[in-house]
Amino acid sequence: MSRGILNALLAIYGFVTLYPLVWLFLSAFKSNPEFYEFPFGLPKEWHLENFADAWSVARMGVSFKNSFIVTIAALVLTLVFGAMAAFVLSRFKFRGKAAAMGLFLLGMLIPIHSTLVPLFIMMKKIHLLDTYGALIFPYTAFELSLAIFVTIAYMSSIPKEMEEAALIDGTGYWGFFFRVMLPLSAPALATVGILAFLRYWNDFAFALVFISKPALQTLPLSLSMFATGYMTDYRLTFAALSLAVIPTIVVYLLFQEQVMKGMVAGAVKG
């Protein structure tokens, strides 16, 4: 009986979790009058042209390209520097290690959006506004703390004997890092990667403040054009949102197994 109740509760939870996504895709096929009349019903007529209209009106081809460039570049920098810092902090003892850990912890406590004004002033002085770097560098900096702490937890669970054996065989620390630690830390890096990808891909505030050129607008900025202070074109909004959410679903489905392993990284040491 208890097993059946648990399965029923999980099924209800799964339905509640997935329903907003299903509702989004169904709404993308409706016309505006039909959405207002039957917001939660199935489309009476499936308007496939909504997707083509949304793609052309919002210039989503350009914004998709910009979002991919910024997201992938920031993701690579986050994983590389995060893994390197986590390797040093998890495998070595040195003076100032506690201070370094405290500094990265402090980075997790700073509200990201409270830095928008000083960052804008700094980027304006160094002529970095309206460039990909205006998004890539802040994204990387603010995600590094989480990346380091998640990866440290996993790397700390890797036996010290593996490191000693690699050094005896003539593999230096760089070789041990690239040939042993990185492959073994794949679950933790996948967890960091998926969380960072979602944050970079969906960010609106930084892109709004640091990017003004239409040719450099990312996906969240292009989606905002369907809503004004007077009305919202729901058919185009939902169609564009459906297209925008597909990459995040694909990325998660590809790495979901590694993500589950990484979420419990370092919880059990054997």
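In this predicted model, the largest nonpolar core holds 42 residues, and Met60, Leu135, Tyr139, Phe206 and Phe210 touch the most other members. Eight stretches of helix are worth tracing in the structure here: α3 (49-57), α4 (60-91), α6 (116-125), α7, α10 (186-202), α11 (205-210), α12 (219-223) and α13 (234-263) each supply at least two residues of this core. The most comes from α13, which contributes seven residues. Apart from this core there is a second, separate one of 14 residues, with Ala85, Ala86, Met155 and Met181 among its members.

Helix α7 deserves a closer look. It spans residues 133-155 and bends by about 40 degrees at leucine 144. Of its 23 residues, 17 are buried, so α7 is largely enclosed by the rest of the structure. Leucine 135 offers a good starting point for following the contacts. Leaving aside residues up to four places away in sequence, leucine 135 touches Val70, Phe206, Ala207, Phe210, Ile211 and Thr218.

The last residue in that list leads to a loop. Threonine 218 sits between α11 and α12, and it counts as buried because its relative accessibility is 6%, below the 20% cut-off. Again not counting residues up to four places away in sequence, the contacts of threonine 218 are Ser63, Asn66, Ser67, Leu135 and Ala207.

Leucine 135 and threonine 218 meet again at an internal space. The model has one cavity of 30 Å³ or more, and about 50 Å³ of space lies in the largest cavity. Its lining consists of Ser67, Val70, Thr71, Leu135, Tyr139, Tyr200, Trp201, Asp203, Thr218 and Pro220. Two or more lining residues come from each of α4, α7 and α10, and α4 gives the most, with three residues.

An open space can be found as well. The largest pocket has a volume of about 290 Å³. Around this pocket lie Leu198, Trp201, Asn202, Leu219, Pro220, Leu223, Leu241, Ala244, Val245, Thr248 and Ile249. At least two residues of the pocket lining are supplied by each of α10, α12 and α13. Helix α13 gives the most to this lining, with five residues; α13 is also the helix that gives the most to the largest nonpolar core. Trp201 and Pro220 appear in the lining of the largest cavity and also in that of the largest pocket.

Aromatic rings add another layer to the picture. The count comes to 25 aromatic pairs. Tryptophan 55 and phenylalanine 64 form a stacked pair, with 5.5 Å from centre to centre and 25 degrees between the planes. The two partners can be set side by side: tryptophan 55 is partly exposed, with a relative accessible area of 39%, whereas phenylalanine 64 counts as buried at 10% relative accessibility. Phenylalanine 87 and phenylalanine 92 show the edge-to-face arrangement, with 5.7 Å from centre to centre and 90 degrees between the planes. Here phenylalanine 87 is buried, with a relative accessible area of 6%, while phenylalanine 92 is partly exposed, with 23%. Ring pairs also join Trp23, Phe35, Tyr36, Phe40, Tyr234 and Phe238 into a cluster.

Conventions
Residues numbered from 1 in each chain as written. Predicted model: local features only at pLDDT ≥ 70, side-chain atom pairs only at ≥ 80, totals over all residues. Heavy atoms only, no water. Bend = angle between axes of the 7 residues up to and from the residue. Helix = DSSP H or I, 4+ residues; strand = E, 2+ residues; numbered from the N terminus. Buried < 20%, exposed > 50% of the residue type's maximum accessible area, 1.4 Å probe, protein only. Core = buried A, V, L, I, M, F, W, Y, C linked by side-chain atoms within 4.5 Å. Contact = heavy atoms within 4.5 Å. Phe/Tyr/Trp six-rings, centres within 6.5 Å; stacked < 30°, edge-to-face > 60°. 1 Å grid on protein atoms, 1.4 Å probe; cavity = no way out; pocket = protein on both sides within 12 Å on 5 of 7 lines; lining within 4 Å. Points joined across faces, edges and corners; volume = space filled by probe spheres on them.
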